[in-house]
Amino acid sequence: MSTIEDVKPVPVTIGGVRGGPAVRTLRRDPWWKSPAITFVVLTLFVAYTVWAVFQNADYFVGISQHRDLISPLYSPCIVGSCLPGAHGTFLVLHWWMITPALIGLSGPALFRSTCYYYRKAYYRAFWQSPPGCAVADGHKRYTGETRFPLILQNIHRYAWYVAIGWNVILTIDAVMAYRLPGDGGIGVSVGSLVLTANAVALWLYSLSCHACRHVTGGHVNEFSRTPIRHRLWKAVSRLNAIHMQFAWISLFVVVIADAYVRMVAAGWFTDPKLF
Ligand code: FES
């Protein structure tokens, strides 16, 4: 078995490519697995989302099926071209849009694409910058996030507030999903549980965000003087430790919620009422 000492030393050039010009990495572990899996999963997610967004149909299950279920990709549905009954808010813009999902997706996409965790994941998987710790960059130059367009990633801390607004809307959607119009008023169906799981996953993802940790504990010099903020910061910090898990879980749940509403709306099956 060879050890790191057996490997011929690689000269290090100040300002040179990490890992040396000829040796990409000295790592022997399967470091490429994680970026490869990320590449496949994120590619599938983006492909599904683009497909779903441009369907512009089957995103709402309404009174004809005694339900009030809207896909999270299409909420809030506030343009004139929304399906009848899908307007879930007081604000209705009387525009025509190629698909209302362009509004529904805008806030979450801004938040998710600038997330510190996802940045790490997609810089490694897609940009190869770098593909892994102690692995040479796929690019000759490294400018980090100091220039356009990547400098725009710094808006993440503001995107957090946008995401909170979206969470409120999607939570209202989840609550409304317990309305079973024309079928006894209120009740619990699989669809209402799916939309609830989506709202819960999104809250956990946003509350575990690094920006939320800063909101709760930032600019505090002495926690002893701000016990409530200290408590909040400790709770958020506990969630923050598993932010990556929440990032993936919430991503999968959004897809499941959209697919579920889509299949019920398309008439593949009816949403089972549990009680
Ligand atoms: S760091 Fe991931 S959502 Fe903020």
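## Exercises on a predicted model

In this predicted model, residues 24 or more positions apart account for 68% of the contacts in the protein with a separation of 6 or more.

**Exercise 1.** State how many helices and strands the protein has and which pattern they follow along the sequence.

*Solution.* Begin with the inventory: there are eight helices and four strands. Next, read these elements along the sequence, which gives α-β-β-α-α-α-β-β-α-α-α-α.

**Exercise 2.** Determine which members of the largest nonpolar core touch the most other members, and which helix gives the most to this core.

*Solution.* The largest nonpolar core holds 47 residues, and within this set Ile70 and Val261 touch the most other members. The greatest contribution comes from helix 8 (residues 243–265), with nine residues. Now take Val261 and leave aside its neighbours within four places in sequence: the contacts are Tyr59, Val61, Leu69, Ile70, Ser71 and Gly191. As background, nonpolar side chains tend to be buried together in soluble globular proteins.

**Exercise 3.** Identify the buried residues of helix 3 (residues 116–127), explain why they line one face of the helix, and find what they pack against.

*Solution.* First, list the buried residues of helix 3: Tyr118, Ala121, Arg124 and Ala125. Second, look down the axis of helix 3; the buried residues fall within an arc of 140°, and therefore line one face of the helix. In general, an α-helix has 3.6 residues a turn, so residues three or four places apart point the same way. Third, trace the packing: the buried residues of helix 3 pack against helix 1 (33–53), helix 2 (101–113) and helix 8. Finally, inspect the position just after helix 3, where Gln128 takes a positive phi of about 55°.

Methods. Residues are numbered from 1 along each chain as its sequence is written. This is a predicted model: local features need pLDDT of at least 70, side-chain atom pairs count only at pLDDT 80 or more; totals for chains, interfaces and linings use all residues. A nonpolar core is a set of buried Ala, Val, Leu, Ile, Met, Phe, Trp, Tyr and Cys residues joined through C-beta atoms within 7 Å. A residue is buried if 20 or more other C-beta atoms lie within 10 Å of its own, exposed if 12 or fewer, and partly exposed in between; C-beta atoms are placed from the backbone. Helices (H or I, at least four residues) and strands (E, at least two) are DSSP runs, numbered from the N terminus. Two residues are in contact if their C-beta atoms, placed from the backbone, lie within 7 Å. The arc is that of the directions from the helix axis to the C-beta atoms.
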